[in-house]
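Q: Hi! I have a protein open on my screen and I'd like to talk it through with someone. Can we go over it piece by piece?

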Amino acid sequence: MFQEIRIAPSILSGDFMHMASSIELVEDAADWVHVDVMDGHFVPNLTMGVPFTAQLRKITDLPLDAHLMVSNPMRQYPWFLEAGADMICMHAEVMSADEVREAARDIHAADKQIGIALKPRTPVAIIEPYIDVLDMVLIMSVEPGFSGQGFIEGSEDKVAQVVALAEAAGVHPLIQVDGGIGEKTAARVAVAGADVLVCGNAFFKAADPAASAQAIRSIASAAQFKADQG
């Protein structure tokens, strides 16, 4: 039922004055680099973009997970493909089903992966028409826009809804959860079916980021194992 847990630290919480050192921390302890792209329109904040992603590609071989919190993803996703992102995750709220399928064709043709993200109040049913082309579904467990927010209670229920929808469609996309993920919340979302955990402050603000990542991974994996055992 479960896939192996992946830890994806959000570089937004890293040290922007010493980004190479922040990437080294991720490489030593985690699996993906999560890149939060915000345009100041779809969300109120403004963060890194294409040039930053391209520079990250030069200094790490880890998969780059670009989360596009932008109002015009159909225009922007090709830029991030060219910059070297491996996973392009866009928001369902600003895309039609036809647009998702078009983007999926382009992204898959480039041998990369597509994800669709859902804000906390967006129903899971919105992805039903195109879940068969998705490599990942991202459940936002905070309102997108700023790091350091607390986990929204009940977010694990949306993870379970994605699992049920995927099983009904006969597909098995990765399920990522982003927002307030740490040692206290990892087990809840993992048991529900999440297998990619985005960690911001829980990783970069920890006294020992590697130990924190290992603890989160172990807690989530143990919860999966226990659930598998019934």
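Q: Let's start with a cysteine: is Cys199 buried or exposed?
A: Happy to help! This is a predicted model, and in it Cys199 is buried, with a relative accessible area of 1%.

Q: And what about Cys89, buried or exposed?
A: Cys89 counts as buried, because its relative accessibility is 0% and the cut-off for buried is under 20%.

Q: How many disulfides does a search of the whole structure find?
A: The search finds 0 disulfides. A disulfide is a covalent bond between the sulfur atoms of two cysteines.

Q: Why is there no bond from Cys199 to the closest cysteine sulfur?
A: The closest cysteine sulfur to that of Cys199 is in Cys89, and at 16 Å it is too far for a bond. To count as a disulfide, the two sulfur atoms would have to be within 2.5 Å.

Q: OK, new topic. How many helices and strands are in the chain?
A: The chain has 8 helices and 8 strands. Its radius of gyration is 16 Å, close to the 17 Å that the globule rule gives for 230 residues, so the chain is as compact as a globular protein of that length.

Q: What does the C-alpha trace span along its principal axes?
A: The trace spans about 45 × 40 × 30 Å.

Q: How much of the chain counts as buried?
A: Of the 230 residues, 53% count as buried. The accessible surface comes to about 10000 Å², and 51% of that belongs to carbon and sulfur atoms.

Q: What about contacts between residues that are 24 or more positions apart?
A: They account for 67% of the contacts in the chain with a separation of 6 or more.

Q: Now helix 4. How many residues does it have, and how far does it reach?
A: Helix 4 runs over residues 97–109, so to speak a stretch of 13 residues, and reaches 18 Å from its first C-alpha to its last, close to the 18 Å expected.

Q: Which residues in helix 4 are buried?
A: Those are Val100, Ala103, Ala104 and Ile107. Looking down the axis of helix 4, the buried residues fall within an arc of 105°, so they line one face of the helix.

Q: And which ones are exposed on the other side of helix 4?
A: Asp98, Arg105 and Ala109 are exposed there.

Q: What covers the buried residues of helix 4?
A: The cover includes helix 3 (73–83), strand 4 (87–91) and strand 5 (113–118).

Q: Which residue just after helix 4 takes a positive phi?
A: That is Asp111, with a phi of about 65°.

Q: Back to helix 3 for a second. What does Leu81 touch?
A: Leu81 is found in helix 3. Leaving out residues up to four places away in sequence, Leu81 touches Ile88, Asp106, Ile107, Ala110 and Lys112. Leu81 is also buried, with a relative accessible area of 18%.

Q: Last one: helix 8. Which of its residues are buried?
A: Helix 8 (residues 209–228) has 20 residues, and the buried ones are Pro209, Ser212, Ala213, Ile216, Arg217, Ala220, Ala223 and Gln224. Seen down the axis of helix 8, they fall within an arc of 130°, so they line one face of the helix.

Q: What's exposed on the other side of helix 8, then?
A: Phe225 and Lys226 are exposed there. As for the buried residues of helix 8, what covers them includes strand 1 (6–9), helix 1 (19–29) and helix 6 (186–192).

Note on methods. Residues numbered from 1 in each chain as written. Predicted model: local features only at pLDDT ≥ 70, side-chain atom pairs only at ≥ 80, totals over all residues. Heavy atoms only, no water. Helix = DSSP H or I, 4+ residues; strand = E, 2+ residues; numbered from the N terminus. Expected span 1.5 Å × (residues − 1). Buried < 20%, exposed > 50% of the residue type's maximum accessible area, 1.4 Å probe, protein only. Arc of directions from axis to C-beta. Contact = heavy atoms within 4.5 Å. Rg over C-alpha atoms; globule rule 2.2 N^0.38 Å. Areas by Shrake-Rupley, 256 points an atom, 1.4 Å probe, with all protein chains shown as cover.
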